[in-house]
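Student: Could you walk me through this structure, one question at a time?
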Amino acid sequence: MTPRTRVSPSSSIVKGVRDHEPERERLLQEIQVYREAQLQLLDLERATTQRTLRDRRSWTIGRLCETGQAMDGLTAYWRASKRYGQRVAVFARPARAPLGWSRFSQGDLCELFPSAEDPKAFHPLKAEYKKESLEGAQEKKQKPKIHTATVLSVAPDRITLLFDNLNSSVDLEGCASWTLMQGENLLVYKRTAKALDVMSNDLENQYKAPRKRADDSYAEYILSGTSVADALLGLAPAEGASAFAGDQRLASWVRRRLRPGPILQMEGDPGLGLNESQERAVATMLGNRLSLVQGPPGTGKTRTIVAAIQLLKQHFEVPQPILLCAHTNVAVDNLAAGALQAGLKVIRAGSSARTRSDLNGTTLDDAIDKHPEKPRLDQIRADVGRVRQAISEAEAASQGGLSSNFQMWKSLQFGNSASSTSKGEDVSALKARIMKLRGQMYNLEQQMITEALREADVVCCTAVASCSNRLTPIDFPVVFFDEGSMATEATSLIPLMKGCRHLALIGDHKQLPPVVTNFEARQKGASLSLFERLINRGDVPSTMLGVQHRMHPDIAAFPNRAFYQGALEDGEDVHVLEPLQSEYLPQVESSEHGQTHSNLSARVSFISHEHKEEALDKSTINIKEAQIVARVLADLLIRNPSLRGEDIGIVAPYAAQVRHFQQMLKQWTSSSSARSARDFLQDLFGEKHRARASQLSKVEAHTVDGFEGREKEAIIFSSTRAGEEGFVGFLADSRRLCVALTRAKRALFVVGNIETWRNARLSERGASSVESADVKVLHSYAEWIEDCGMLVHAQAEEELAQNQEQQNAPSE
């Protein structure tokens, strides 16, 4: 077989020979304008990030830890091996205790410094230091020496950092307690900028360029760029020209599902188990070089995407692996799990430490471990270790006599001639040997990675991870991008730049938009995703999944009307979801199968109270409302014995309120909790139901963004705002409201002030800072709640406590 070498094409091949053709010249001009506009938005957002990080230097270390932007009390050690020629260190808590929640992620630049004045003795941050800001410590000349590093990976019990040469001499083991502080994530910025740079590359010319080289070997080019840029910019049709157009069987399957009227089934068509809207979505994805699929809540986006890949790989046997991306790691894991269950060969790329336990065996590291050449790779690694040790001994011997170990190694390597070799030559030979071994190790590992990737049906990773060095051995002409409406337009380009000729974007612009913090950038369109821009443009083939299989129809009714103009249908399965029992759900009558049932709980409840919110750390908190949420939570667990803690989610639009819930749940389930927490727990459950309190540790509390793509049997939405003036801030974000109201399957509790919702308005500042603001949706929801009889007024605390005491009293 003629050997093939994978190389980067020359600049003349990458840039093409067609640059003076009118169509190509126009495309290059449009790309240049587009690139400059996107880079400007990137720079604006980056400037805000840097300013925010500077402002946080005035925060106390304790506050930074509480908000997930720092970790303290860590021990550290250097790894023996390097990464990209740089030193790698691992930070963890003593006894590998869990790190806990934090905002650290791969690519973050972080600062590290000793946790306390006495670095030799391990202890948590001293109280006086914990209460002092980093700037305050500097003013008192207590500033610890600060080093910087980049996050390689984050696991539940450790965080791995990469150190450049300037910071690689720090004595990690000499300090028993370290603090890490989160900095800017340069990885996203660099990869996004690179994607914009290569957007003008001529992909078609790279495909057509001659591959035979002077030595009669064949070059396999590392593709750079995308051929769908013209369609993205509206300069060429997005319809048709599919990467699969040459397969007549597949083309027929697609055609029969895109024609008007009922789907025409033929003998041999695979049974995908999809509803009609899902099958049409698959056809749209496969039949056009650029397409859009809108997936409202519970409509089966993941199932549809996996079915499209099944059809390609298992039925039509398309050879190349499909790149399956999403904006978040949670979504990537869901997609990878779905593909695995469907019998597809999955590679979960990216940091293996972030992968779920049910995806064990799917990472690139796992593929290398299972490769037949793994023993040979281990042997080379062992040889590298032995030679490294020999170098250390040789350098030590140069300061004195030769050690016996080194003499033995030298004899084995060089035979009797070793005695005539000088020490300097010995070390030089050893270093040459280790360079050769490292080259062999790299080449073998690349060969193993290449084979693993080419044997896969689908490679799953985040958009940012799609252009990592480990994926260099393979190109991706076909890209499916889930959560396309959550990524900024520039980020959406990253997975396209490895030779994409066929792109399907899947998302829902009625749900969470891209997160953009710079006001000027938002005004200039940075928060408009590529998905939404193409939907608005109207000339890209698109379809919507039309049947929801998550929410009971009573829960789905308002979101369907308010956000989807009534276009969603309820699947048969959601009509038979069992109701949950709760004191906080109104009692209703229901007619099913010709019979009338009374004393059934409703599925939606708005629990109204009059406790005002407070400002905290540029966020909002409502402690009294949190106590009502706690009572709803306890009542659910007591009245529904089969309901587990993991079946319940608490959602709030404000980070401060979420942190309060997380701390509250942690205090209740901690053996060292304060007496007040234990008393409140006793008040909620009493002795009779105390065993049910153990489920509290499994209840999740997150912001709205943290629940995107998730679902629970019951959701308690703490709206937090309850002011008389009706100012609602982020509660007016209609997209986040859509997410909050569509996570529950069997019961949804909204806790807030009905008058605040009925009279909701935004201040001038709120109007400029809240994206997708629509107070009319809040007005409509309040009206709908009252019309449907779903309003419940929270009792006074004294009456609540009395009722709870009676309920928890032991039965006679």
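Student: Which residues are exposed on the other side of α27, away from its buried ones?

Tutor: Keep in mind that this is a predicted model. In α27, V777, L778, Y781, A782, W784 and I785 are buried. On the other side of the helix, the exposed residues are K776, E783 and D787.

Student: Within what arc do the buried residues of α27 fall, seen down its axis?

Tutor: An α-helix has 3.6 residues a turn, so residues three or four places apart point the same way. The buried residues of α27 line one face of the helix, because seen down the axis they fall within an arc of 165°.

Student: How far apart are the end C-alpha atoms of α27?

Tutor: Helix α27 covers residues 775-787, which is 13 residues. At 1.5 Å a residue, they should span 18 Å. The model agrees with this, as the end C-alpha atoms are apart by 19 Å.

Student: Which residue caps the N-terminal end of α27?

Tutor: Look for a side-chain oxygen that lies 3.2 Å from the backbone nitrogen of K776. The residue that carries this oxygen and caps the helix is D774.

Student: Now to the largest nonpolar core: which helix gives the most to it?

Tutor: This core has 65 residues, and L493 is among those with the most contacts inside it. Domain 2 and domain 3 both give residues to the core, so it lies between them. The helix that gives the most, with 10 residues, is α16.

Key:
Residues numbered from 1 in each chain as written. Predicted model: local features only at pLDDT ≥ 70, side-chain atom pairs only at ≥ 80, totals over all residues. Heavy atoms only, no water. Core = buried A, V, L, I, M, F, W, Y, C linked by side-chain atoms within 4.5 Å. Buried < 20%, exposed > 50% of the residue type's maximum accessible area, 1.4 Å probe, protein only. Helix = DSSP H or I, 4+ residues; strand = E, 2+ residues; numbered from the N terminus. Domains from an automatic or database assignment. Expected span 1.5 Å × (residues − 1). Arc of directions from axis to C-beta. Polar contact = N/O pair within 3.5 Å; in protein donor to acceptor, adjacent residues only side chain to side chain.
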